[in-house]
Structure formats: structure tokens, C-alpha cells
Amino acid sequence: MTVYLENETKTQFDFDPEKTAALVAEKVLEAERCPYEAAVNILLTDNEGIRQFNRDFRETDAPTDVLSFPNIDYETPADFSGAEEETADCFDPDTGELLLGDIIISTDRLREQAKTYGHSEKREFAFLVAHSMFHLAGYDHMTKEEAAVMEEKQENVLQMLQITRG
């Protein structure tokens, strides 16, 4: 698993975001039985930065906590077989890794939500990465049923990594 992490803010954490993101991403892909080595891009930005992305790509003029931009079109969640049909677009020609997509996280919202929910910034960061990784694996939460599936999967991954609330 390769995580390309860019922090365009001056935000410093008491944990290593790149290492934490890689652990979470690997655990999600293991749980979803991804048959490939994979890569993901993560951008840490502020509320104004994520607001601009949200406005440009989702036509929503407001900041949010995290945005996910999958590189693969899935017929069913975590069915990675479709990537083979789009080899030129889905695999890095130099490394052979599956290019899952991009994650953008607002460090402002991350910190706000960690305080609001009473847990560590590491836990909030790990949650946001897990949430986005499931989006990059084809999951969504447009219905109650879909949301329940994602919530259970996210919580299971965080429990396996012992990144819990509190």
C-alpha cells in the first residue's frame, strides 16, 4: 500500500498521518479482499480549501470534513475485477499498483469533530480515512441500508486497529 500524502496546511499532529493512513487503508483493502497492491492520494487542506473542492466538484458551496474521488467505477462495492478492464486508467504503469483515487481531508473539521465527539485527532483522522477508503472501494451511504453497511465496516476496521474512541 502506497499513500501519497500532501499537507498543504501548517497543521501538526501528535501522530504520523502518513503511517496512520497507510495502516487504515491496508486494513480496509484487506477486509475487502482487494487482490492488488494499491495506491491512494491524500490531501490535507483547511476549510476554505475543501470548500473550493466541494464547490468545484460537487456544486456545494460549503466546507465538509472529507471528500472522496474514486478512480474506479464499480458494478458492486469492492468488486475490483472491473479495474482490469480499464488497466490504462486504473494501474500505475511504473509500480503496477491499483490507483484507487483521491481523498481530501479538512484539518479544521478534523480537529473540530475530534473535540465534538470527545476522541483523539488520530481517531478522527483514521475514521475519515476509513470512510473515504470504503468510498474508493465502491461503497456509498445514500440510503439507510448503505449507511449502516459503511458504518459497520468502518467501525470494524478501527476496532481491528485498536483506534477507538476515547
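Is I105 buried or exposed, going by its relative accessibility? At 0% relative accessibility, I105 counts as buried, since the cut-off for that label is anything under 20%. Keep in mind that this is a predicted model. Below is a quick tour that starts at I105, moves through two more buried residues and helix α6, and ends with the pockets and the salt bridges.

**I105 and its surroundings**

- I105 sits in strand β4, which runs over residues 98-106.
- Leaving out neighbours within four places in sequence, I105 is in contact with a long list of residues: I42, L43, L44, T45, I50, D65, V66, L110, F125, L128 and V129.
- One pairing spans a good stretch of chain: I105 and N7 are 98 residues apart in sequence, yet their C-alpha atoms are 9.6 Å apart in space.

**T107, at the start of α5**

- Helix α5 covers residues 107-117, and T107 belongs to it.
- T107 counts as buried because its relative accessibility is 1%, and the buried label applies under 20%.
- Once residues up to four places away in sequence are set aside, T107 touches T9, T11 and F13, and also L44, T45 and D46.
- L44 and T45 turn up in the contacts of T107 and again in those of I105.

**Helix α6 and R123**

- Helix α6 takes in residues 121-136, with R123 among them.
- From first C-alpha to last, the 16 residues of α6 reach 22 Å, close to the 22 Å expected at 1.5 Å a residue.
- The helix is mostly covered, with 13 of its 16 residues buried.
- What about R123, buried or exposed? R123 is an arginine that counts as buried, because its relative accessibility comes to 2%.
- Beyond residues up to four places away in sequence, R123 touches E155, L158, I163, T164 and R165.
- After α6 comes G138, which has a positive phi, near 100°.

**The largest pocket**

- The volume of the largest pocket is about 300 Å³.
- Its lining is made up of R58, T64, D65, V66, L67, S68, F69, H131, H135, D140, H141 and M142.
- Which element gives the most to that lining? Strand β3 does, with four residues.
- Both β3 (66-70) and α6 supply at least two lining residues each.
- Sorted by class, the lining has four nonpolar, five polar and three charged residues.
- D65 and V66 help to line this pocket, and both are also in contact with I105.

**The second largest pocket**

- The second largest pocket comes in at a volume of about 210 Å³.
- Lining it are N71, I72, D73, Y74, E75, D79, S81, G82, E85, E86, D89 and C90.
- Two helices, α3 (82-85) and α4 (87-90), each supply at least two of the lining residues.
- By class, this lining has six charged residues, along with three nonpolar and three polar ones.

**Salt bridges**

- Searching the whole structure turns up nine salt bridges.
- Side chains of opposite charge can pair when their charged atoms come close.
- In one of the bridges, the side chains of K27 and E30 meet at 3.4 Å, N to O.
- K27 and E30 both lie in helix α1 (residues 17-31), and they are three residues apart, about one turn of the helix.
- E30 counts as exposed because its relative accessibility is 54%, and the label needs a value over 50%.
- E48, R51, R55 and D61 are linked in a network of salt bridges.
- Within that network, R55 pairs with D61, the closest N and O atoms being 2.5 Å apart.
- R55 also forms a salt bridge with E48, where the closest N and O atoms are 3.9 Å apart.
- How do the partners stand for accessibility? R55 is partly exposed, with a relative accessible area of 28%.
- E48 counts as partly exposed at 44% relative accessibility, and D61 counts as partly exposed at 45%.

Methods. Residues numbered from 1 in each chain as written. Predicted model: local features only at pLDDT ≥ 70, side-chain atom pairs only at ≥ 80, totals over all residues. Heavy atoms only, no water. Buried < 20%, exposed > 50% of the residue type's maximum accessible area, 1.4 Å probe, protein only. Contact = heavy atoms within 4.5 Å. 1 Å grid on protein atoms, 1.4 Å probe; cavity = no way out; pocket = protein on both sides within 12 Å on 5 of 7 lines; lining within 4 Å. Points joined across faces, edges and corners; volume = space filled by probe spheres on them. Nonpolar A, V, L, I, M, F, W, Y, C, P; charged D, E, K, R; others polar. Salt bridge = Lys/Arg side-chain N within 4 Å of Asp/Glu carboxyl O. Expected span 1.5 Å × (residues − 1).
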